[in-house]
Amino acid sequence: MPYNISIKKTEKSKVEALDFNNIPLGTTFTDHMFICDYNNGQWQNPRIEPLKAIPTHPAAMALHYGQAIFEGMKATVNANGTPMLFRADKNATRLNFSADRMGMPHVPEALFVAGLKQLVALDKAWIPPQDGSALYLRPFMYADEAFIGMRAATSYKFIIIASPAGPFFSKRINLWAEKKFVRAVDGGTGEAKAAGNYAAAIRPTELAKQKGYDQVLWLDAAEHEYIQEVGTMNIFFKIDGKFITPRRDGAILDGITRMSVMDVLKDKGFEVIERPITLSEIREASEKGTLEEAFGTGTAVGIAYIQSIGTDQGDIHVSDESPVGLEVNNTLNAIKTGQVEDKFNWMLSVE
Ligand SMILES: *Cc1c(COP(=O)(O)O)cnc(C)c1O
């Protein structure tokens, strides 16, 4: 390991206070964080410290100009209690893809993985052991230079925090096909995991929830007809026995769950096609009875089963059950906890 990560441990772990059978979502954090500073063109002083608030200059550029990107990934434990990371190399690659788009420096993959491994090893007691549970890891980078003016910042922080997450019981979700607001445009930042994409999605999501839907179905910006994503997930449809998912068009996030689900589906013998998909095509398939199931895919939730899609021309019924989605979700969870062979070579163990 070329990186010398200094470690300052907490005096007293807070893990005893956590009820692993009842983990509040997104509000519990482990004892430590990984942190590293970018100055003078270099990542410096990689360290693990007790988790705490970080002083921020009011002119920190991330607050004004939005140079802020993140990743989301999970650590699980196998039956021997060894922590494992799911496809960490892909998150490193994507973080740097996002960094390029936002004019930010790369984090070397070796540093990214070393920081993750050290943090997970140190906070191993926080990984919930139950099936479908995991330690959610949030690596992120933001511009912390104090400067007023429009250019790339010269100083950044790269931080990893961790939050235990209980099994996610996904109730079937109803989507709202959004035709007024868009999440991303070709040539924009939709392919980057940039904080600002989320900012733009918050209000439309609130409005969809006020109408009684769970998530927004995002459509393309030009015609409001091509399906892109659902909430913060990629989307798959099963029509006439075959799976289809929107082809990456420059505005769709390249989900790691998406790519993994494609592999698992193909391995189970399904045909998976990446191509443009229109809302009218989905409506017709539903009316003809060939729309068999649909689901969203993402790290946080795994697989979210879709019940219906609300549109300004009435609801489209998708399906009342998602047998293949459920099977794929179970397979992914079994790979993550070492219950089935990791034949795709996705897991990285943290010794
Ligand atoms: C993170 C994210 C996804 C899912 O990506 P995973 O790597 O599968 O977690 C999908 N869409 C958006 C907009 C996202 O931010």
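Colleague: Which residue has a side-chain N or O atom 2.5 Å from a nitrogen atom of the ligand?

Modeller: Happy to start there, and keep in mind that this is a predicted model. A polar contact needs N or O atoms within 3.5 Å, and a separation of 2.5 Å between a nitrogen atom of the ligand and a side-chain N or O atom meets that cut-off. The side chain in question belongs to Glu229.

Colleague: How many residues surround the ligand?

Modeller: Let's begin with the closest ones, which are Lys193, Tyr198, Glu229, Thr257 and Thr299. The residues around the ligand also include Thr232, where a backbone N or O atom lies 3.4 Å from a nitrogen atom of the ligand. The full count around the ligand is 14 residues.

Colleague: How far is an oxygen atom of the ligand from an N or O atom in the side chain of Arg94?

Modeller: Arg94 is a nice residue to look at, being one of three in domain 1 that lose the most area to domain 2, along with Phe70 and Phe86. The side chain of Arg94 also has an N or O atom close to an oxygen atom of the ligand, within the 3.5 Å used for a polar contact. The distance is 2.7 Å.

Colleague: How much area do domain 1 and domain 2 bury between them?

Modeller: The chain is divided into domain 1 (6–167) and domain 2 (173–336), with C-alpha centres 27 Å apart. Their contact takes 20 residues from domain 1 and 22 residues from domain 2. Of the area buried between them, 64% is on carbon and sulfur atoms, and the total is about 1,800 Å².

Colleague: Which element gives the largest share of the side of domain 1 that touches domain 2?

Modeller: The elements giving two or more residues to that side are strand E4 (68–70), strand E5 (73–77), strand E6 (83–86) and helix H2 (88–101). By type, the residues there divide into nine nonpolar, five polar and six charged. The largest share is six residues, and they come from H2.

Colleague: How many salt bridges does the rule find across the interface of domain 1 and domain 2?

Modeller: Side chains of opposite charge can pair when their charged atoms come close. By the rule used here, the count comes to 18 salt bridges. One of them joins Lys157 and Asp37, with the closest N and O atoms 3.3 Å apart, and this pair links strand E8 to strand E2, 120 residues apart. Between the two domains there are 10 residue pairs in polar contact, but the number of salt bridges across their interface is zero.

Key: Residues are numbered from 1 along each chain as its sequence is written. This is a predicted model: local features need pLDDT of at least 70, side-chain atom pairs count only at pLDDT 80 or more; totals for chains, interfaces and linings use all residues. Side-chain values use heavy atoms; hydrogens and water are left out. Domain bounds come from an automatic or database domain assignment. Contact means heavy atoms within 4.5 Å. Buried area is the accessible area (1.4 Å probe) that two parts lose on being put together, summed over both. A salt bridge is a side-chain nitrogen of Lys or Arg within 4 Å of a carboxyl oxygen of Asp or Glu. A polar contact is a pair of N or O atoms within 3.5 Å; within protein, one must be able to donate a hydrogen and the other to accept it, and residues adjacent in sequence count only if both atoms are side-chain atoms. Helices (H or I, at least four residues) and strands (E, at least two) are DSSP runs, numbered from the N terminus. Ala, Val, Leu, Ile, Met, Phe, Trp, Tyr, Cys and Pro count as nonpolar, Asp, Glu, Lys and Arg as charged, and the others, Gly among them, as polar. A residue is near a molecule or strand if one of its heavy atoms lies within 4 Å of it.
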